[in-house]
Amino acid sequence: MSTKKLAIIATKGTLDWGYPPFILASTAAALGYEVQIFFTFYGLQLLRKSLNHLKVTSIGNPGMPMPMPMPVLLQALPGMQSMMTVMMKQKMKSKGVASLEDLRSLCAEADVKMIGCQMTVDLFGFSPSDFIPEIEMGGAATFFEFAGESDICLFM
Amino acid sequence: MANCDKELDARGLNCPLPILRTKKALNDLTGGQTLRVVATDPGAVKDFQAFAKQTGNELVESGEANGEFTFVLRKKA
């Protein structure tokens, strides 16, 4: 049986949307898949050395469960986003959900290949030292080299 | 319950940690050896069946008592 392959494009740079790529990549690796994740645009935030800056927001996200009903304009007040992020992190910890840093390290340990999009790195003016050392840089053609042979390909 | 070669306490951990820790624990075993995992994540029941099916490690035993789920896996030879 040849090794199955999973290719993921990660485009979101929020605390909540950081989970799907790392959860699916680490699990697929545990199941024996060869996995690559291509991080582009805001997804690059998931490759920063520290992930402490990632936030959740309820703005533009009416599906987010709130502890109490709150008008949107109130949600936009200064400090609300940080408060929601703190609450979300506490909730995750209390429910035994891994931190993003932990899941990312588990991915790296399991040889999940993480590729940063060179174009968006240049666009946003990042420097290679902003990112964890485990990553490689590449472009769309690099992604297709693996994705074209993949069994599952996901855009997140 | 039969004696196992290794025990893994995955209580309090949520998806996908029980599976990831299990995979890691199996790496320390040789083919035919057994691993007992205790978990509290209800999603683990289906996940362990799926893990066994896809990796070829046999799910020898699966049970539930007092909100804890126990799985015994035999590593693929």
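Select A:Phe38 first: this residue stands opposite A:Ile115, which belongs to strand β3 of chain A. The model on display is a predicted one, and the tour proceeds from this pair of residues through chain A and then to chain B.

**The sheet of chain A**

Extend the selection to strand β2 (residues 34-39) and strand β3 (residues 113-117) of chain A, which pair in the parallel sense over four bridges. Next, display the whole sheet to which these strands belong. Its five strands form an open sheet in the order β4-β3-β2-β1-β5, and the pairing is parallel. At the edges are β4 (136-138) and β5 (152-155) of chain A; each has a single partner strand, so one side of each is left without a neighbour in the sheet. On average, neighbouring strands are turned by 20° against each other, direction ignored.

Now add helix α6 (residues 140-147) of chain A. This helix packs on the sheet and touches β1 (5-10), β2, β3, β4 and β5 of chain A. The direction of α6 makes about 150° with that of β1(A).

**The nonpolar core**

Which residues have the most contacts inside the largest nonpolar core? Select A:Ile8, A:Ala25, A:Ala29, A:Val35, A:Ile37 and A:Phe39 to see them; the core itself has 47 residues. Helix α1 (residues 19-30) of chain A gives the largest share of this core, namely seven residues.

Centre the view on A:Ile8. Leaving aside residues up to four places away in sequence, A:Ile8 touches A:Pro21, A:Leu24, A:Ala25, A:Ile37, A:Leu154 and A:Met156.

**Two helices of chain A**

Keep α1(A) in view and add helix α4 (residues 100-109) of chain A. The axes of the two helices come within 9 Å and cross at roughly 35°, and α1(A) passes α4(A) in a left-handed crossing. To display the contact, select A:Tyr19, A:Phe22, A:Ile23, A:Ala25, A:Ser26 and A:Ala29 on α1(A), together with A:Leu100, A:Leu103, A:Arg104, A:Leu106 and A:Cys107 on α4(A). Classified by type, this contact of α1(A) with α4(A) has nine nonpolar, one polar and one charged residues.

**Where the chains touch**

Show both chains. Eleven residues of chain B are in contact with eleven residues of chain A. On the side of chain B that touches chain A, the elements giving two or more residues are α1 (17-27) and α2 (44-55) of chain B. The largest share of that side, four residues, comes from α1(B). By class, the side of chain B that touches chain A has six nonpolar, four polar and one charged residues.

**The sheet of chain B**

Hide chain A and select the strands of chain B. Four strands form an open sheet in the order β1-β2-β4-β3, with mixed pairing. The edge strands, β1 (6-10) and β3 (58-65) of chain B, each pair on one side only. From one strand to the next, the twist averages 15°.

Within this sheet, select strand β2 (residues 34-39) and strand β4 (residues 68-74) of chain B, which pair in the antiparallel sense over six bridges. Here B:Leu35 stands opposite B:Leu73 in β4(B).

Finally, restore the helices of chain B. Helix α1(B) packs on the sheet, touching β1, β2 and β4 of chain B, and its direction makes about 160° with that of β1(B). Helix α2(B) lies across β2, β3 and β4 of chain B and runs at about 175° to β3(B).

Key:
Residues are numbered from 1 along each chain as its sequence is written. Chains are lettered from A and ligands numbered from 1 in the order in which they are written. This is a predicted model: local features need pLDDT of at least 70, side-chain atom pairs count only at pLDDT 80 or more; totals for chains, interfaces and linings use all residues. A nonpolar core is a set of buried Ala, Val, Leu, Ile, Met, Phe, Trp, Tyr and Cys residues joined through C-beta atoms within 7 Å. A residue is buried if 20 or more other C-beta atoms lie within 10 Å of its own, exposed if 12 or fewer, and partly exposed in between; C-beta atoms are placed from the backbone. Two residues are in contact if their C-beta atoms, placed from the backbone, lie within 7 Å. Axes are lines fitted to C-alpha atoms, for helices over the stretch in contact, and angles run from 0 to 180 degrees between N-to-C directions. A crossing is left-handed if the near helix is turned anticlockwise from the far one by less than a right angle, and right-handed if clockwise. Ala, Val, Leu, Ile, Met, Phe, Trp, Tyr, Cys and Pro count as nonpolar, Asp, Glu, Lys and Arg as charged, and the others, Gly among them, as polar. Two strands pair if DSSP finds at least two bridges between them.
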